[in-house]
Amino acid sequence: MGTIWSDLKAHRKRTADVRISDLLKDTSRFDDFSVNCGEMLLDFSKTSIDKPALNMLLKMAHNVEAKRDAMFRGDKINSTEDRAVLHTALRKRSDEPVFVDGEDIMPGVKTSLARMTAFANAVRKGEITANDGKPFTDVINIGIGGSDLGPVMATLALTPFHDGPRTHFISNVDGAHAHDTLKNLDPNRTLVIVASKTFTTIETMTNANTVLTWLQSKLGNDASKHLVAISTAEDKTRAYGIPPERTFGFEDWVGGRYSIWGPIGLSLMMAIGPENFGDFLSGAFEMDQHFLNAPLAENMPVLLGLIGIWHNNICGYPTRAILPYDQRLSRLPAYLQQLDMESNGKSVSIDGEPLDQNSGPVIWGEPGTNGQHAFYQLIHQGTSVVPCEFLIAAESFEPELQNHHNLLIANCLAQSEALMLGRSIENAPDSHRAFPGNRPSTTLIYRKLTPKTLGMIIALYEHRVFVEGAIWGINSFDQWGVELGKELASKMLPLVEKTMPTTGVDASTAGLIGKVRSLRKT
Ligand code: F6P
């Protein structure tokens, strides 16, 4: 643990009793503790970070710049998989080359985007048709994790921009997911995307086989016109029977949870059209440029990352709540759970040494105002302090319902204020109605949830995760922690499928399998 960590902790100890509301008596605090990027503003004045703490945090961020530049440059910073990390190249709107293993990858990126665009346009215009020669009206994306969460979140977020085929998503291996999705669809009208970076994920391949059978039940054996594959494993997609012209490949320097910007975004592009998808990419590119060029003290991803470090490592708050006051961002918390927790849920450094400080926090959340009627009791009066990250649009897409939006904004700002102010025991009828207050929150304000704004928001959080991981000195881009469960599941399957003896498994698992078997018998 370096001296700056101990200096920060000592500072926190000295100032822990200072109330956020007292800090806000400094009339310049809102200006000094908020940061702009384009039309967006991030307010972090309702946190316990004071000017000395901010200066120390910014010192801690100095090593981030070199790591950031290495990522954008194409260095193989994902050292355990010997890969570059270049999701930023997928949304690059300028022409400089980006080299991986001596080869400029940008021509391939542009070719891939052009192929996606041509295909999406042809489907949307009815030039690419179903077996019966008619247009597709529905698209199913079969995928999980990064091959699902991004498309699901973004298509919902950009509902006002849908003017293409209806999109549906199957991810869980639970048969209910495929069943409930397929029961309302017509195979004749449905295009199926099998999205899997590895093309081996058991949930996706199981769902793909079920949906292929569903297609063939109506179309006969030749369902190829209704199939698309998205993968880095083009040998496997071909072996599956999907021809190259229906396969959209991407490279291993795009992590699954960072892949919405490329072919994994095909379902989104079909829903909103290539032009809006381009705006989505441009928004992310704008945030990239800001992250690359803004001074640390005016750098939104850097500051959001430092706020996370302050709350998690210095104040000792192990979780953070993502609270979008935007119903169409209701899947953003789930998306950020993978982005953040699969990136920074690590316990060894990039060099393989045990960490000497906490790493990724637990990410959770629900849209407002619904969360107010579910868990805000705890965040206001519970014994755990939860840093809250609010997001709110200034404008809605439903001007005829402006009263709704005014209420939404009022609730969002009121919750942030209530968390900070609380209500002292002196001003409360009794201790049950007292609020400790002094609970931190940040608020991200954007004008309207457009494709460009969504691109900016996602890139902001990608880079915030990067900043925290760089400061902790971990590899944010591998995910070895998901392998053990998969290995054990493949060994468990025969025990569930058959009645072979449960020797060799632990007593709990044996007991549980026995219970499943007895219930199945009755
Ligand atoms: O959760 C593990 C993981 O490998 C994620 O990183 C990935 O997004 C997901 O599974 C799906 O992987 P694939 O796209 O290869 O099917």
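Let me start at the ligand: a backbone N or O atom of Lys-197 sits 2.7 Å from one of the ligand's oxygen atoms. Bear in mind throughout that this is a predicted model. Two side chains make similar approaches. Thr-201 has a polar side-chain atom 2.5 Å from a ligand oxygen, and in the side chain of Glu-342 an N or O atom comes to 2.6 Å from an oxygen atom of the ligand. Taken alone, the ligand has 390 Å² of accessible area, and the protein covers 87% of that. Altogether 13 residues surround the ligand, and the closest are Gly-146, Ser-147, Ser-196, Thr-201 and Glu-342.

Next, the strands, beginning with E8, residues 227–231. How many of the five residues of this strand are buried? Five of the five, so the strand is largely enclosed by the rest of the structure. In a regular strand, side chains alternate between the two faces of the sheet. E8 can be read in that way: Leu-227, Ala-229 and Ser-231 are on one side, Val-228 and Ile-230 are on the other, and both faces are covered.

E8 has two strand partners to talk about. One is E7, residues 190–195, which pairs with E8 in the parallel sense over four bridges. Within that pairing, Ile-193 is opposite Val-228. Helix H9, residues 202–219, joins E7 and E8 in a right-handed β-α-β unit. The other partner is E9, residues 247–249, again parallel to E8, over three bridges. There, Ala-229 has Thr-247 as its bridge partner. From E8 the chain passes through helix H10, residues 234–239, to reach E9, and this β-α-β crossover is right-handed.

Now a helix, H7, which runs over residues 149–157 and has eight of its nine residues buried. Those are Leu-149, Gly-150, Pro-151, Val-152, Met-153, Ala-154, Thr-155 and Ala-157. What covers them? The cover includes strand E6 (166–170), helix H11 (266–272), H14 and helix H17 (451–472).

H14, residues 332–344, also marks one end of the loop that holds Ser-359; at the other end is strand E11, residues 362–364. Is Ser-359 buried or exposed? Its relative accessible area is 12%, so Ser-359 counts as buried. A polar atom of the Ser-359 side chain is 2.5 Å from the backbone oxygen of Lys-346. Leaving out residues up to four places away in sequence, Ser-359 touches Asn-312, Asn-344, Lys-346 and Trp-472.

Another buried serine is Ser-441, where the relative accessible area is 1%. Ser-441 belongs to strand E13, residues 441–446. Its side chain makes a polar contact of 2.9 Å with the side chain of Ser-416. Beyond its neighbours within four places in sequence, Ser-441 is in contact with Asp-43, Lys-46, Thr-47, Cys-388, Phe-390 and Ser-416. As for distance along the chain, Ser-441 and Ala-321 are 120 residues apart in sequence, with their C-alpha atoms 9.3 Å apart.

For contrast, take Asn-406, in helix H16, residues 402–421. Asn-406 has a relative accessibility of 44%, so it counts as partly exposed. Between Asn-406 and Gly-485 the sequence separation is 79 residues, and the C-alpha to C-alpha distance is 46 Å.

Last, some backbone geometry to look at. Most residues other than glycine have a negative phi, and most peptide bonds are trans. Which peptide bond here is cis, with omega near 15°? The one from Gly-368 to Thr-369. Thr-369 lies in the loop between E11 and helix H15, residues 376–381.

Two residues other than glycine with positive phi are also worth listing. Asp-101 has phi near 50°. Asp-101 is placed in the loop between strand E3 (99–100) and strand E4 (103–104), and is exposed at 63% relative accessible area. Asn-438 has phi near 60°. Asn-438 is in the loop between H16 and E13. With a relative accessible area of 21%, Asn-438 is partly exposed, since buried requires a value under 20%.

That is the tour; questions are welcome.

Notes
Residues numbered from 1 in each chain as written. Predicted model: local features only at pLDDT ≥ 70, side-chain atom pairs only at ≥ 80, totals over all residues. Heavy atoms only, no water. Buried < 20%, exposed > 50% of the residue type's maximum accessible area, 1.4 Å probe, protein only. Contact = heavy atoms within 4.5 Å. Polar contact = N/O pair within 3.5 Å; in protein donor to acceptor, adjacent residues only side chain to side chain. Pairing = 2+ DSSP bridges. Right-handed = clockwise from strand over helix to strand, strands pointing away. Near = heavy atom within 4 Å. Areas by Shrake-Rupley, 256 points an atom, 1.4 Å probe, with all protein chains shown as cover.
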